[in-house]
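I opened this entry to keep track of what I looked up, starting with one chain and then moving to its partner.

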Amino acid sequence: MHAFRRVNYLFIHIKVNEMIAYEGASSKLKGNVAKKPVILEIVKEDVLRILCEKRKKTSLETIKDEIKVVHGLISEALEELETDGLITIQENLILLTGLGKESAKNILRKHSVLENYFEKTESKIEAHTAAHILEHYVSREVINNIKKLSTLKKEGVPLTKFELNKEGMITDITFSDYGLFERIVSMGIFLGEKIIVTNEISHGIVVKIRNKKFALDRDIAEEIKAMEYEKL
Amino acid sequence: MKNFKILLVGQPNVGKSSLLNALVGPRVTVSNYPGTTVEITKAKKSFNQIEIEFVDTPGIYSISDRSEEEKVTEKALFEEEVDGVIVIADATSLERSLYMALQILEAQVPTVLALNFVEDAEEKGIKIDCEKLKEVLHIPVVPMNPLTKKGIDKLVDSVLKIKKISKRAFTLEYDDHIESAIHKISSQIKETSMPSRFVAIRILEEDEDFYEFLKNERTITEVIESLEEHPRVAENIAITRYGTASFVAAKVTRIIPLEKEKKLQEEIDRVLLHKIWGSLTTGLFLLAIFGILLYLGNLTQGVLTSLTESLLSSLTTAEHSILTMVLVNGLTGIALGVSIALPYVFLFYLLLGLLEDIGLLSRFTVNAELFLKKLGLPGKSFIPLALGLGCTAPATRATRVLSSEKEQFHTASLFAFVPCSSRIAIIMGIVGFYGGTKLALSVFATSFAAGLIWAFGIKKAIPIKSEPLLLELPPYRKPLIKNVFAKSWIRMKDFVYIVIPLLALGGIAYGILDMSGLTHIVVEPLSPITTWLGLPTATIIPIIFGFLQKDLTGAMLLSVLGSDISLALNALQIYTFGVATTIGIPCMIALGMLIKEFGYKRAVALTITSIVYGLLFAGLAWRIISIV
């Protein structure tokens with residue numbers, strides 16, 4: 001379960017960061033500063049998801065209760081969704097169109113993958129919240145990775161046992177010394193990163209992460225775990 | 001006129017010194033940061049009635065680690081009363097640069113982000129939206145290239161407006177449990193110039209240096225107890241910070257997948273980082289460099305010596321007064337200094353700078369690690385040790401690249417066995433000239449063996465927990481010659497301003513001693529040494545007084561034994577003399593440098609021990625050889 005926790009944090013940071021974006025942007029909107037298309041997109045996706053979950057005509061009030069952002073932003077999102085032909089609005093009640101249903105289903109699918117993943121380590125409510133926030137930002141590729149990670153039975157293998165020139169993903173960093181851990185992370189050797197062991201040197205290995213090369217002592221490489229993409 | 005103080009912060013090889021060069025030109029001053037051995041470079045220039053002092057800090061990845069370089073940057077950030085920071089970011093790995101930028105923003109210092117290697121990134125299919133990044137972080141983001149000076153004016157403009165940048169441009173928020181811990185701790189912080197949130201985070205990151213800012217140290221135990229369910233708070237902080245950095249980077253980066261990556265770099269690394277070929281090519285490269293230096297060194301030394309000799313002969317024909325003696329010896333010293341400085345020191349630094357900027361040096365360091373680790377030293381000590389082949393004094397200073405003082409001192413102690421150019425001159429000029437090349441090579445071999453025994457001995461006696469290899473290997477790049485020259489000059493300043501005057505002084509000191517007949521006073525009382533070495537008693541003069549100025553050793557030997565040494569000494573004696581004068585901290589200039597770096601006690605102890613060890617070793621060596 002150890003590896004799960006760590007990988008989990010990788011996604012929690014996204015959660016934390018997004019909350020800032022959410023609040024930051026909405027407070028900005030209060031001050032009538034420029035629009036934030038990103039936030040609007042989030043709200044739009046949220047509206048679609050809620051409508052799909054409720055499976056019936058939903059009142060504006062319900063949506064306002066569920067999405068905790070300024071109301072102006074919700075109205076704006078609804079307006080855009082209507083022009084895009086994803087919803088219809090009849091007397092304060094909102095309904096998904098055929099097109100709307102399709103894109104809402106996509107969002108829900110992402111949502112359930114994320115929720116399943118988070119349930120492994122967090123309480124159900126927390127998992128639900130995390131999934132809510134993440135679903136907007138995570139690409140299909142990452143979703144697939146999470147799917148794989150959440151069904152992962154074994155932990156990754158130490159880099160010292162990693163095959164040369166095979167692509168893998170860092171699944172765990174297990175230093176007991178925080179100083180070393182922080183140094184490794186600040187150099188860009190991070191959970192979820194793609195890694196290739198390019199050379200074996202007499203006392204360690206050379207790895208490539210995002211165009212950067214590092215020479216690592218065997219003792220250090222031992223504490224970084226990764227999994228081959230093929231096995232993920 | 002207003003004054004600004006701006007810190008340049010960035011990772012190693014991100015182009016900090018090139019940026020400083022582009023901002024102010026090569027007129028920089030290098031100094032130690034007070035109380036440390038880490039160097040910082042400063043330079044001033046006026047822009048629109050505002051004088052900006054730029055302070056270049058050592059290359060680091062983060063300000064929360066505990067290495068000396070990181071502490072210096074952190075200290076400079078808070079104790080130098082800086083007006084702002086330029087974070088130099090690498091466009092080819094933005095998330096990593098943002099990690100440190102976020103830390104500096106956490107410290108609430110006005111920041112400008114200078115984005116370097118934009119062209120490199122585009123070649124790799126990475127495109128960064130600077131406007132978007134600016135919006136997210138609320139700080140100026142300026143793409144620039146210090147080599148072509150593109151974007152430099154814009155960067156200066158942003159720096160001039162640095163007072164307008166909010167100190168709280170971007171606040172990184174952590175998980176709820178961490179936030180509440182930060183809150184608890186920051187309410188218990190004494191008054192400091194640092195923001196309390198920043199101090200609290202550093203305390204949570206287990207940086208004990210920050211505990212002193214707590215009103216009550218009990219707070220930390222209380223907070224830790226309250227965090228029982230989350231035992232890895234420090235790690236989570238780093239992860240959140242990096243996660244945010246990579247998240248922000250991902251938001252502003254567009255990656256266009258490329259058909260083919262550049263393969264040449266990989267091909268070179270296949271050889272240079274190969275288990276066997278790597279060490280072999282490194283060895284060959286070093287031999288080649290050594291050969292080039294020796295050849296060019298001999299050439300320039302020959303020309304310079306004949307030049308000074310003709311100049312000096314006109315002086316020596318004059319009456320032998322103290323004044324002419326002082327003049328002659330002083331000038332000889334300066335001439336010697338120049339003839340070492342030009343070929344050995346400057347050329348060496350030039351080659352070193354080239355290797356560094358091309359990206360080869362880090363590969364050599366990795367390969368040298370294998371051998372040096374066995375001696376209890378980190379791979380990085382390869383740089384000062386190689387420099388020691390030029391001159392011990394600047395090489396002593398170069399031990400600063402090592403992270404712990406123990407490692408620095410251990411490396412410096414090996415200078416007793418790495419023959420500097422003056423000692424090489426004795427081996428080649430005296431031993432080789434009068435005893436043949438084979439004999440000269442056996443002196444090198446003996447010195448090497450003595451060094452190995454010494455290093456193993458130290459490793460056994462004082463085990464140093466050396467840092468494990470963790471080194472970024474920069475991509476191979478075309479070096480900018482102007483930069484290499486500037487860097488070499490900064491590195492050899494010590495030699496010009498300290499070593500050359502001391503060489504002249506050493507010469508003069510010996511001249512006075514010689515004229516007053518004082519040199520001969522030591523011959524009798526020190527005769528046990530020459531007996532142990534199996535040498536004529538008079539040879540003690542070059543052995544002892546060579547310490548004043550190593551290059552005089554040959555001349556002194558000639559003056560005490562007559563012009564044909566092979567008549568006075570047999571081959572074995574020439575060998576013994578060579579070993580006795582080669583092993584040990586070579587001269588008072590090196591001693592002076594050691595004192596500067598490590599203090600009187602340790603420097604003097606090392607010098608005496610190494611010289612005694614060298615004499616013992618030389619005596620033992622000839623006894624063993626004569627038995628065999």
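Which domains does the domain assignment of chain B give? I am working from a predicted model. For chain B, I noted domain 1 (2-164), domain 2 (176-255) and domain 3 (277-627) from the assignment.

Next I looked up how domain 1 and domain 2 of chain B sit against each other. Their C-alpha centres are 24 Å apart. I found 19 residues of domain 1 of chain B in contact with 20 residues of domain 2 of chain B. On the domain 1 side of this contact, at least two residues each come from H3, strand S7 (126-128) and helix H5 (130-137) of chain B. H3(B) supplies the largest share of that side, seven residues. I sorted the residues of the domain 1 side into ten nonpolar, four polar and five charged.

I then turned to the contact between the chains. Chain B puts in 41 residues and chain A puts in 36 residues. On the side of chain B that touches chain A, I listed helix H3 (94-106), helix H10 (233-252), helix H14 (360-374) and strand S10 (470-473) as the elements giving two or more residues. H10(B) gives the most to that side, with eleven residues. By class, the residues on the chain B side are 17 nonpolar, ten polar and 14 charged.

Last, I checked strand pairing across the chains. Strand S8 (residues 212-217) of chain A runs antiparallel to S10(B), and four bridges join the two. Which residue in S10(B) does Phe214(A) stand opposite? I found Glu472(B) there.

How values were computed. Residues are numbered from 1 along each chain as its sequence is written. Chains are lettered from A and ligands numbered from 1 in the order in which they are written. This is a predicted model: local features need pLDDT of at least 70, side-chain atom pairs count only at pLDDT 80 or more; totals for chains, interfaces and linings use all residues. Two residues are in contact if their C-beta atoms, placed from the backbone, lie within 7 Å. Ala, Val, Leu, Ile, Met, Phe, Trp, Tyr, Cys and Pro count as nonpolar, Asp, Glu, Lys and Arg as charged, and the others, Gly among them, as polar. Two strands pair if DSSP finds at least two bridges between them. Domain bounds come from an automatic or database domain assignment.
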